[in-house]
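This report describes how the strands of one protein sheet are arranged and enclosed. Please keep the sequence and the structure in view while reading.

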Amino acid sequence: MTGAASQAYGEAWYWDERYRKEAGPFDWYQKYPALAPLLRLYVRTHQRLLLVGCGNSVFGENMVDDGYQDVVNIDISSVVIEQMKKKYHDKPQLKYTKMDVKNMSDFESGSFDAVIDKGTLDSIMCGQNSQEHATMMLGEVYRILKDNGVYIMITYGDPSYRLHLLKDMQLWTIKLHVIDRWERSSKQTWDLTKPLPLHDDSTSIISLLGPKPDVHYIYVCIKGNDSAGSKVGVNEAAN
């Protein structure tokens with residue numbers, strides 16, 4: 001990936017051009033079967049979900065096949081949204097809308113139970129004005145979530161790169177999970193369903209995983225940060 005291309009990751013024209021050339025389905029980072037055990041801990045099948053930066057992923061399709069009933073998908077590319085609307089015209093549980101994740105004003109505040117992000121914030125962090133745009137995106141994610149709703153972000157960014165962004169939103173309860181990168185690992189090293197100890201800096205994670213772990217980081221951010229909520233365990237968080 002050239003520097004010029006990565007700088008364009010936040011631009012609609014880049015993705016329009018890419019999806020015109022690459023019509024086949026592609027899932028960034030992780031596929032649904034690998035993440036399903038974690039999603040089941042935090043998200044119930046009847047809840048309203050939003051997949052941001054959906055692209056032409058089959059992730060939403062897999063969720064519906066697994067029992068999820070209301071999966072909204074957005075992407076900045078009108079090209080891929082039209083492709084996906086045609087592909088899934090017979091699946092009413094899947095909805096597709098062209099939208100910029102930095103401005104989701106068409107969605108009412110507190111209207112989603114969960115937001116799932118597989119690489120969208122990472123794309124924004126590769127583009128121009130990355131800090132400003134990331135803050136805008138996270139502010140919108142926070143706004144559209146219901147109280148106790150969850151933002152689940154799958155990313156390459158370790159806590160030293162991502163935790164400060166998330167902590168700028170003062171009312172998150174943040175849990176960190178890790179998963180081996182499916183494209184590089186043939187066996188599971190870490191227990192996906194058990195959160196790792198997460199302190200204000202990244203020293204605890206480095207000491208546990210080593211300096212360059214071959215993992216994706218999964219931040220589960222629960223809207224609300226009262227003293228009781230911060231003590232909620234993994235299984236209880238899904239209730």
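A crossover is called right-handed if, with the strands pointing away from the viewer, the path from the first strand over the helix to the second runs clockwise. Helices (H or I, at least four residues) and strands (E, at least two) are DSSP runs, numbered from the N terminus. The model is predicted: local features need pLDDT of at least 70, side-chain atom pairs count only at pLDDT 80 or more, and totals for chains, interfaces and linings use all residues. Residues are numbered from 1 along each chain as its sequence is written, and side-chain values use heavy atoms, with hydrogens and water left out.

Strand β2, helix α5 and strand β3 form a right-handed β-α-β unit. A right-handed unit is likewise made by β1, helix α4 (residues 59–65) and β2. Helix α5 (residues 78–87) lies across β2 and β3, and runs at about 155° to β3; such angles, from 0 to 180 degrees, are taken between N-to-C directions of axes fitted to C-alpha atoms, for helices over the stretch in contact.

These strands belong to an open sheet of seven strands with mixed pairing, in the order β3-β2-β1-β4-β5-β7-β6. Its edge strands, β3 (94–98) and β6 (172–180), each pair on one side only. From one strand to the next, the twist averages 20°. Two strands pair if DSSP finds at least two bridges between them. The table lists three pairs.

| Strand pair | Sense | Bridges |
|---|---|---|
| β1 (residues 48–52) and β2 | parallel | five bridges |
| β2 and β3 | parallel | five bridges |
| β6 and β7 (residues 215–223) | antiparallel | nine bridges |

Where does β2 stand with respect to the rest of the structure? Six of the six residues of β2 are buried (under 20% relative accessible area, 1.4 Å probe, protein chains only), so this strand is largely enclosed by the rest of the structure. Asp70, Val72 and Ile74 point one way from β2, whereas Val71, Asn73 and Asp75 point the other way.

Aspartate 70 lies in β2 (residues 70–75) and is the bridge partner of arginine 48. Its side chain makes a polar contact (here, a donor and an acceptor among N or O atoms within 3.5 Å) with the side chain of lysine 95, at 3.0 Å. Leaving aside neighbours within four places in sequence, aspartate 70 is in contact (heavy atoms within 4.5 Å) with Gln47, Arg48, Leu49, Gln93 and Lys95. Further along β2, asparagine 73 stands opposite tyrosine 96 in β3.

Notes. Buried < 20%, exposed > 50% of the residue type's maximum accessible area, 1.4 Å probe, protein only.
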